[in-house]
Amino acid sequence: MVDIKKTCSDIKDILIPFIKNPMEKIRNLPDWDWQTLILAQVLVTAISGALGGLINRSVLSILSGLIMMPILTLITTSISTLFFFYTFQIIIQKQVPYRKLFTVVFFANIPFFIFQIISGYFPPISLVGLAFTGLLLIVGFVENFQVPRKLVIRLIAALYVVFFLIWLWGRLDTMKLDKQWRAEESAPEVRLGK
């Protein structure tokens with residue numbers, strides 16, 4: 001049986017030094033079991049999601065951050081890990097341990113989760129968090145799996161461009177919908193009776 005209190009304390013003891021010096025700590029990550037790894041991700045994403053909702057001053061955003069953010073990030077981290085797992089197998093014929101790869105992807109995303117807290121006020125900050133994530137992925141992959149640096153830089157740069165274009169498209173769609181909504185909101189005045 002897992003001692004949740006001790007596990008949370010162990011997670012905190014690893015995460016605080018990591019947040020203070022991520023470029024150094026990504027080189028030597030803990031070898032957590034799946035339960036600890038998933039608990040760490042759920043805790044980090046729930047806290048960052050709830051803080052983002054708190055900053056937005058919305059109870060619905062707080063609840064969404066507490067519940068939906070951990071679920072969605074667990075799914076996206078799993079998909080990202082699968083992508084890198086098979087990419088390394090196909091391109092450089094190297095099989096890396098899946099759990100360790102998941103660990104690198106999770107830790108590399110921590111700056112993104114932190115920057116997401118204030119993205120409601122300044123949406124481009126997400127791109128800054130994503131850039132930090134990209135840098136950590138490069139260092140993490142090269143140092144932990146000895147994959148060629150040039151290949152990893154090209155791969156991460158290409159993914160960053162794709163995510164930037166998706167983000168830009170989403171922002172333009174949001175602006176377009178907002179403009180339509182404002183146009184519909186300014187309906188002509190209706191007078192009842194004379």
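## The largest pocket

Helix α4 makes the largest contribution to the lining of the largest pocket, with 13 residues. The model is a predicted one. The pocket holds about 1,200 Å³ of space. Its lining counts 39 residues. Nearest the centre of the pocket lie Thr-76, Asn-109, Phe-112, Gln-116 and Leu-130.

Several helices take part in this lining. At least two residues each come from α3 (34-55), α4, α5 (98-116), α6 and α7 (149-185). By class, the lining is split between 20 nonpolar and 19 polar residues. Charged residues are absent from the lining of the largest pocket.

## The nonpolar core

In soluble globular proteins, nonpolar side chains tend to be buried together. Here, the largest nonpolar core has 34 residues. Phe-84, Phe-106, Phe-107 and Phe-141 have the most contacts inside this core. Two or more residues are given to the core by each of α1 (4-20), α3, α4, α5, α6 and α7. Helix α5 gives the most, with nine residues.

What does Phe-107 touch, leaving out residues up to four places away in sequence? The list is Ile-14, Leu-15, Phe-18, Ile-26, Leu-29, Pro-30, Trp-32 and Leu-136.

## Aromatic pairs

A pair of aromatic rings is described by the distance of the centres and the angle of the planes. The structure holds 14 aromatic pairs. One of them joins Phe-88 and Phe-141. The ring centres of Phe-88 and Phe-141 are 5.1 Å apart, and the planes stand at 90 degrees. This pair counts as edge-to-face because the angle is over 60 degrees.

The pair of Phe-88 and Phe-141 links distant parts of the chain. Phe-88 sits in helix α4 (residues 59-92) and Phe-141 in helix α6 (residues 125-145). They are 53 residues apart. Both Phe-88 and Phe-141 are buried. Phe-141 is also among the residues with the most contacts inside the largest nonpolar core.

Ring pairs also build a cluster. Its members are Trp-34, Phe-85, Tyr-86, Tyr-98 and Phe-102.

## Two loop residues with positive phi

Gln-93 lies in the loop between α4 and α5. Its phi is positive, about 50 degrees, although Gln-93 is not a glycine. Is Gln-93 buried or exposed? Gln-93 is exposed, because its relative accessible area of 64% is over the 50% cut-off.

Gln-146 is placed in the loop between α6 and α7. Phi of Gln-146 is near 50 degrees, again a positive value in a residue other than glycine. Gln-146 has 55% relative accessibility, so Gln-146 counts as exposed.

## Arg-149 in helix α7

Arg-149 is found in helix α7. Its relative accessible area is 45%, so Arg-149 is partly exposed. That value falls between the 20% limit for buried and the 50% limit for exposed.

Which residues does Arg-149 contact, leaving aside neighbours within four places in sequence? They are Ile-138, Val-142 and Glu-143. Asp-178 is 29 residues away from Arg-149 along the chain. The C-alpha atoms of Arg-149 and Asp-178 are separated by 43 Å.

Note on methods:
Residues are numbered from 1 along each chain as its sequence is written. This is a predicted model: local features need pLDDT of at least 70, side-chain atom pairs count only at pLDDT 80 or more; totals for chains, interfaces and linings use all residues. Side-chain values use heavy atoms; hydrogens and water are left out. Rings of Phe, Tyr and Trp (its six-membered ring) pair if their centres lie within 6.5 Å; planes under 30 degrees apart count as stacked, over 60 as edge-to-face and the rest as tilted. Helices (H or I, at least four residues) and strands (E, at least two) are DSSP runs, numbered from the N terminus. Buried means under 20% relative accessible area, exposed over 50%, partly exposed in between (1.4 Å probe, protein chains only). On a 1 Å grid over the protein atoms alone, a cavity is a set of points where a 1.4 Å probe fits but cannot get out, and a pocket is an open set with protein on both sides within 12 Å along at least five of seven lines; lining residues have an atom within 4 Å of a point. Grid points are joined across faces, edges and corners, and a volume is the space filled by probe spheres set on the points. Ala, Val, Leu, Ile, Met, Phe, Trp, Tyr, Cys and Pro count as nonpolar, Asp, Glu, Lys and Arg as charged, and the others, Gly among them, as polar. A nonpolar core is a set of buried Ala, Val, Leu, Ile, Met, Phe, Trp, Tyr and Cys residues joined through side-chain atoms within 4.5 Å. Contact means heavy atoms within 4.5 Å.
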